[in-house]
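This report looks at side-chain contacts: charged pairs and aromatic rings. Keep the sequence and the structure at hand while reading.

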Amino acid sequence: MKRKGDDALEQIDRKREKRRLICMQIDDHIEEIKLADAERCKLEALAETVKSAIYASKEAKIAHQMNDLQKLHLGKIHFPLSLPFNLELSSIKSTCGCRWVHPVKIDSLGSWRICYQTKMDPVLDLIIIIPQDYFGSRDYLNFAYFVKRAHYICQVARILIKTGLSVKFGLDHCDTLKPLLFVANKDGHENDGFLRIHFAPPREFTKISRLRPENNNLRPAFCSAHFGSLGIDTPTPVYNSKILIDMLREEIESKYEAFFRQKPNFLKAFIMIRSWMLQRNFIQRVDGFSDLLLAAWLIYISVQEVSFAQASVFDIITGFFSSIISVNWQQSRLGLCDNDALHSQFSSHFDFVFLDHTGYLNLATSLSITAMEQIRAAATNALTKIDIFNEFDHLFVKNHPFTTSFDQYIRIRLPQTYLQNIFQKTCSAECVSTCNDLLLIFKRRLTPLLKEAFADRIVNFDFFAPDQQVTPWDVCMEREKCTDENVTLLIGFQLSSKWNNLLTRGPPAKSPDAVHFRQFWGDICELRKFPDNAICEAVVWGSSNVTVLICQHIIQRHLKLEANNVEERTLKMEEILPNAMDRYSTIGRAYDKLSQTLRLVQGLPLLITNIHPVSSYLRRTAPYPPLSTNAVIERYSAVVKDSVALPLSHISPPYLPTIEVQITMEQSGKWGDDLGAIARLKTAFYIELSKILKEKHSMQAIPFDDYLIVHFNTVVFRLVINYPKEVHIMRKLNGGKTGILKDSPASKLKELELILEPQITSLLHSVSQQFDAFANTCRLAMYWLSSHALSDYLSEVILETIVASIFLKPFSIQPPRTSFVGFFHFLTLLSTHNWLVKPLLVDFDNNWTEEDVDEIQKEFIKMRPVLPVMVICTSVDRSGYRWTREEPQPLILKRIIALAKASAALIEQHINNSLPLNLKGLFTSNVSTFCNVTIHIRRRHMVRQKVIHGKLINGPLPVIDYDPVRDYIKRLRQCFSSVALFFYNKYVGDVIGVVWKPAALIPRDASISSCLHRLKGPDNKLIVNTKAILDDFTILGHGIVYNVSEHCVTKDEKNTTS
């Protein structure tokens, strides 16, 4: 018997053991990703070569002017620096010219010596200290330092080129004023490591107090005549920090090196957190965390939290995430210095302040509000997953690009004429302070406007500037600049549930806040009375595209940028599929009424206990909803008898599917164990139920042997009685006299129909109710699959389950709010999930424990050789193959993955590119480009595309579930699946594509089993009788098919489409 408290102790022990195992997992991951010793030795040898070459060069005796680039041009080196404000090099003054002198020091930075480099970034950071006598006494003023630094870099590049090394220019954190050198071996692979050479002045370059944020070191009048009204006391904090970080970099990294050497667990935590940030672009981005700030923050929390002295790696990582979330950066005086007297100076110029050990450098200079909010949101999410084994890859390995992290993307064009002529005039002091970084200033101005405008419509947002992404360029060439006249800014929004509300409610009319609300929104404000009788300021938006309208309005009103420069990057669903909301609402109301009626039915021997909405139309996930029964019967194409429309022989009526609903009767021993008797009893129930619905509820009800058709409110339902015990009876019969229950293909099919399908559709129905974007995402996914002629190769249930997984386990912090992003994530999941080595786990109820997941994965590994190519495990089917046993085949799945990858790449380009793409191409495919045979269908029998033009007949029951092309393809697959694959777009296709299976075309030895579809060929081998098969295609499709044509497909075409 357990004593009180034993359970708690066991739980603590399990938790401790779990964390120990996670620490082992972290150690294994670090060992896997860290740069190999051999690679480190190669880079260190390369560094020694660079040092030797530089020190072996002769110093120049004569100096040249800073605007003299003749020697560089002779050496075929292009000067890498372009000055802001369109300044010329001749305007830069210094007390001494430029001449080549040996550096004071060349050494690797502390970051290399503590060995945190990984295979993702195999970089050795070198620093070259330029001697003091190279600079003038006042070179910290007016860009002189940056120009002379660039000249020194060019001299080093010239020396290294002569040694036969590959030398490129690059930028230090995308800063155009601070080029670097990237050096690699000439014969090295592009994925091999390289040297990144930083250039810095000596510590005595100038007093660091001269570079305080309030000091001016960039004269406004020097920058532009337009800034003449600004005095020389205009602060230049950004300019100052650019110089100061160069002066202090080596000193700072040396201190970090000493800290990490003393605390190896903190180094491991640094590597893991850095990996987490790299996967989310938090370090690479211009306004994100830097390596220096990340290391400083770890040092800070180690000082603040005494308990961290002996903490494990796991505890340090969780402590980092917790501190990022909890610490208020604006109010706290953060830093590593003892004297923070300058903190107030920094806080008036930067969004965040974290001072270094000197107290003069803000390590968070570039960190923006939006970046910090993204980091905090990701840290909050990470804290919920870090102690789950199966989430490790999601946190530290999987890439999370900007394009999959948000629900909506809006692109802003900033014409140069606007930036230079309009925007710059409104922010002269900021232009001087930031070295004319107009995009940075624009983002700072826009951020509070967006926060106020979208207060309850979004969770958060972020910026992405594609033009700022600069890759290293050859020293002989000019850096590639944006040739477009526009600077572009992409905004990603994570939407809230109220994102598309057509009304923005403001404060009460007479409150003090009402004045500000009217000033913010302008003339579009109006007074409105709300249901709670309050009279408030409000803005009414006349379109469902509310977020775009809001963006356009505030940018035009507050930033004077024309509204036509703001556009949404999305997929306009109305251009792909019709708006089905009204029709689906009608179907939903009809189903609700039918359910209510069935539950109240009296007079049957057994009561109806459960009603299962099995049909996808009740989940609103089908691309096209069933037409109204009042809109499908034409007078000239049908004959009406007994309120039932009968088709004429020469034409097919429009396709009208029935909506399947399964009903379960109450338990009774009178059903018996005879399957035939049960079937007849079901028929009797259908007959009796049809009488009740007709007489008491005025519904048109027609009984059949296996189902009951109910027609009312322009919707046709097919009711099927579900009796799960049939599966047990079938298994019992299969066992015979042994009494052992035994499965057969028929019993498995019956189990799928009666037990599993109602369960999975019930779960999918709840997902469609929970997530607004789910239904339309499924519609796009189904239409996309069909548009590539892959109809029926992936069942609707499986496709919806895959879509459900991106909502239940989203790529970003929250599930998609728009169908466009949901569809994009669906394509990404299809193309990136490794179907061969792991199943897709879809936990509808969120009930699986880690032990359950481990058990499923172990069973998958054990059974992998006999499992189908696609395995999707759910709570209904933990084995994961009940719906995918037959389809998709390996070749089909390979094609689906290739198409999904290409489509996802196209959507990513559409989001990122300066010009939008026409995404209609995602939903088109020409089967003749990859098929050996094409079967052309007569248009009058393509029932899903029929458009009614004549006079309509209302009331009668139309022809239902009639699709001759679908039945024809089903017959083709039954007869010829051993020799061919068939491709067809069931929604809008007029051609069936046929591809011969390569294995079937190989001649075979004569045998009884090999005779089907073959004839005797050369060498008495049996070859496929393609001519006879083509004749069979025509015969089977008599009246439907008008042409069967055979053509050659080149290997290139096959490879392109497959």
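Glu751 and Arg731 join their side chains in a salt bridge, at 3.1 Å from N to O. The contact links distant parts of the chain: Glu751 sits in helix 23 (residues 745-770) and Arg731 in helix 22, 20 residues apart. Glu751 is buried, with a relative accessible area of 13%. Arg731 is partly exposed, at 21%. Note that the model is predicted.

**Salt bridges**

Helix 22 (residues 725-735) also holds Glu726, the partner of Lys682 in helix 21 (residues 675-697). Lys682 and Glu726 form a salt bridge whose closest N and O atoms are 2.5 Å apart. Their positions are 44 residues apart in sequence, so the pair ties together separate parts of the chain. Is Lys682 buried or exposed? Lys682 is buried, with a relative accessible area of 11%. Glu726 is buried as well, at 7%.

A further bridge joins Arg944 to Asp963, with the closest N and O atoms 2.8 Å apart. Both residues lie in the loop between strand 25 (933-937) and helix 29 (964-976), 19 residues apart. Arg944 is partly exposed, with 24% relative accessible area. Asp963 counts as buried, at 4%.

The three bridges are listed here.

| Pair | Closest N to O distance |
|---|---|
| Lys682 and Glu726 | 2.5 Å |
| Arg944 and Asp963 | 2.8 Å |
| Glu751 and Arg731 | 3.1 Å |

How many salt bridges does a search of the whole structure find? The search finds 44. Some residues are linked in a network: Arg149, Asp172, Lys178, Asp246 and Arg249 are joined by salt bridges.

**Charges over rings**

Arg944 has a second contact. Arg944 lies over the face of Tyr655, at 4.1 Å from the ring centre. Lys148 lies over the face of Tyr134, at 5.3 Å from the ring centre.

**Aromatic pairs**

Tyr134 leads on to the rings. Tyr134 belongs to an aromatic cluster with Trp100, Phe135, Phe143, Tyr145, Phe146, Tyr152, Phe199, Phe205 and Tyr239. In total, the structure holds 59 aromatic pairs.

Take Trp100 and Tyr152, two members of that cluster. Their ring centres are 4.9 Å apart and their planes meet at 40°, so the pair is tilted. Which parts of the chain do Trp100 and Tyr152 tie together? Trp100 lies in the loop between helix 3 (70-74) and strand 1 (105-108), and Tyr152 in helix 5 (residues 144-162). The two parts are 52 residues apart in sequence. Trp100 counts as buried, at 3% relative accessibility. Tyr152 counts as buried too, at 1%.

Trp329 and Phe352 make a second example. Their ring centres are 5.8 Å apart and their planes stand at 90°, so the pair is edge-to-face. Trp329 lies in the loop between helix 10 (313-326) and strand 6 (334-335). Phe352 lies in the loop between helix 11 (343-347) and strand 7 (354-355). The contact links distant parts of the chain, 23 residues apart. What is the relative accessibility of Trp329? Trp329 has 1% and counts as buried. Phe352, at 2%, counts as buried too.

Note on methods: Residues numbered from 1 in each chain as written. Predicted model: local features only at pLDDT ≥ 70, side-chain atom pairs only at ≥ 80, totals over all residues. Heavy atoms only, no water. Phe/Tyr/Trp six-rings, centres within 6.5 Å; stacked < 30°, edge-to-face > 60°. Helix = DSSP H or I, 4+ residues; strand = E, 2+ residues; numbered from the N terminus. Buried < 20%, exposed > 50% of the residue type's maximum accessible area, 1.4 Å probe, protein only. Lys NZ or Arg CZ within 6 Å of the ring centre and 35° of its normal. Salt bridge = Lys/Arg side-chain N within 4 Å of Asp/Glu carboxyl O.
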